[in-house]
Amino acid sequence: MGFSLAATQASAADLSEIRIDWATYNPVGLLLKKEGLLEKEFDKDGIKIRWVQSAGSNKALEFLNAGSIDFGSTAGAAALIARVNGNPVKSIYVYSRPEWTALVAGKDSPIKSVADLKGKSVAVTRGTDPHIFLVRALADAGLKDGDVKFVLLQHADGRLALTRGDVDAWAGLDPLMAAAEVEDGAQLFYRKPENNTWGVLNTTETFAKDHPDVVKRVLRVYEQARKQALADPAALKVALIEAAKLPDAVITKQLERTDISKSRIGDEQRDTILKAGLALQQAGVLPADADIAKVTGELIDPSFGEALVQ
């Protein structure tokens, strides 16, 4: 695996706990948690695994920045924004290539295009892929942030606000977006799969520097869960249904637009995230003087996953 057992034990010796997030937008992580694979891997080291729920990329990045978790699930572009803003995260693994966000309107809404959002209210979770997706959609339609009213809510509350009619539209996130479609008849009026950035697992610069072999072991076990998910999609669905507490039809829709066939992070992810970053800079979300290419290069670290066999 490219590292010795002695080095691994030395790296793990001063750890008593690994803190890692779980999120309903990261199905592979849910199977990993349900199967207790990390617990089995690190039991021999006397290291406990503590799971912390992330309700969105913004929360995972807050937890990483505060040092309250060691590994967090986010969208790639959200991690880039955090890095530009001084959060020293490293993106080290891909858990999915999803179409997990779109712009959503209610069942009987007259909104049919991004242009129709002018003067309307949109629920959105700041610092997440849906927020980034919304900003890019507005820019492509010739609208500015000020042309719409952003209602800042966490994802679940955004769905609820749309259902209640408290907002005109919502920048959705699966599986809640799929639930709005199936259960409420909500309409995805604007979709652009290529503007959904990769689902990436991040760690902190400090943890990566202090415990590189532990990071490699975590990724190796993550890879085990991903391969189990590919081999047994029914088990993946069950894990997601249990965690999200949503019906089979909703989770089926989410998984239909979630690709877990790749896990190594590298040039493909770097290019997608860079394009998102440049678009956000042009839209005024990121500082004009930020070197987006340089920060993207600092964010993406493929070294820990090099030994993974796809």
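**Close-up views of strands and helices**

**View 1. Strand β10 (residues 199–204) is largely enclosed by the rest of the structure, because six of its six residues are buried.** The model shown is a predicted one: local features need pLDDT of at least 70, side-chain atom pairs count only at pLDDT 80 or more, and totals for chains, interfaces and linings use all residues. Residues are numbered from 1 along each chain as its sequence is written, and side-chain values use heavy atoms, with hydrogens and water left out. Buried means under 20% relative accessible area, exposed over 50%, and partly exposed in between (1.4 Å probe, protein chains only). Helices (H or I, at least four residues) and strands (E, at least two) are DSSP runs, numbered from the N terminus. Cover is found on both faces of β10. Gly199, Leu201 and Thr203 are buried on one side, and Val200, Asn202 and Thr204 are buried on the other.

**View 2. Strand β10 pairs with β3 and with β4.** Two strands pair if DSSP finds at least two bridges between them. Strand β3 (residues 71–75) is antiparallel to β10, with five bridges in the pairing. Here serine 73 faces leucine 201 of β10. Strand β4 (residues 89–98) runs antiparallel to β10 as well, and six bridges join the two. Threonine 204 in β10 is the bridge partner of valine 89.

**View 3. Five strands form an open sheet in the order β7-β6-β8-β5-β9, with mixed pairing.** The edges are taken by β7 (149–152) and β9, each with a single partner strand, so one side of each has no neighbour in the sheet. On average, neighbouring strands of this sheet are turned by 35° against each other, direction ignored. Within the sheet, β5 and β8 form an antiparallel pair over three bridges. Leucine 103 is set opposite alanine 171 in β8.

**View 4. Valine 122 sits in strand β6 (residues 121–124).** With a relative accessible area of 1%, valine 122 is buried. Contact means heavy atoms within 4.5 Å. Apart from neighbours within four places in sequence, the residues in contact with valine 122 are Leu117, Leu134, Lys149, Phe150, Val151, Ala169, Trp170 and Ala171. Alanine 161 is 39 residues from valine 122 in sequence, and the two are 9.5 Å apart in space, C-alpha to C-alpha.

**View 5. Helices α7 and α8 lie across strands of the sheet.** Axes are lines fitted to C-alpha atoms, for helices over the stretch in contact, and angles run from 0 to 180 degrees between N-to-C directions. Helix α7 crosses β5, β6 and β8, and runs at about 160° to β8. Helix α8 crosses β5, β8 and β9, and its angle to β8 is about 145°.

**View 6. Helix α8 (residues 176–184) has buried residues.** These are Met177, Ala178, Ala179, Ala180 and Glu181. Among the elements that cover the buried residues of α8 are the strands β5 (103–105), β8 (169–171) and β9 (187–190). The cover also includes the helices α7 (155–164) and α12 (248–256). Glycine 185, just after α8, has a positive phi of about 70°.
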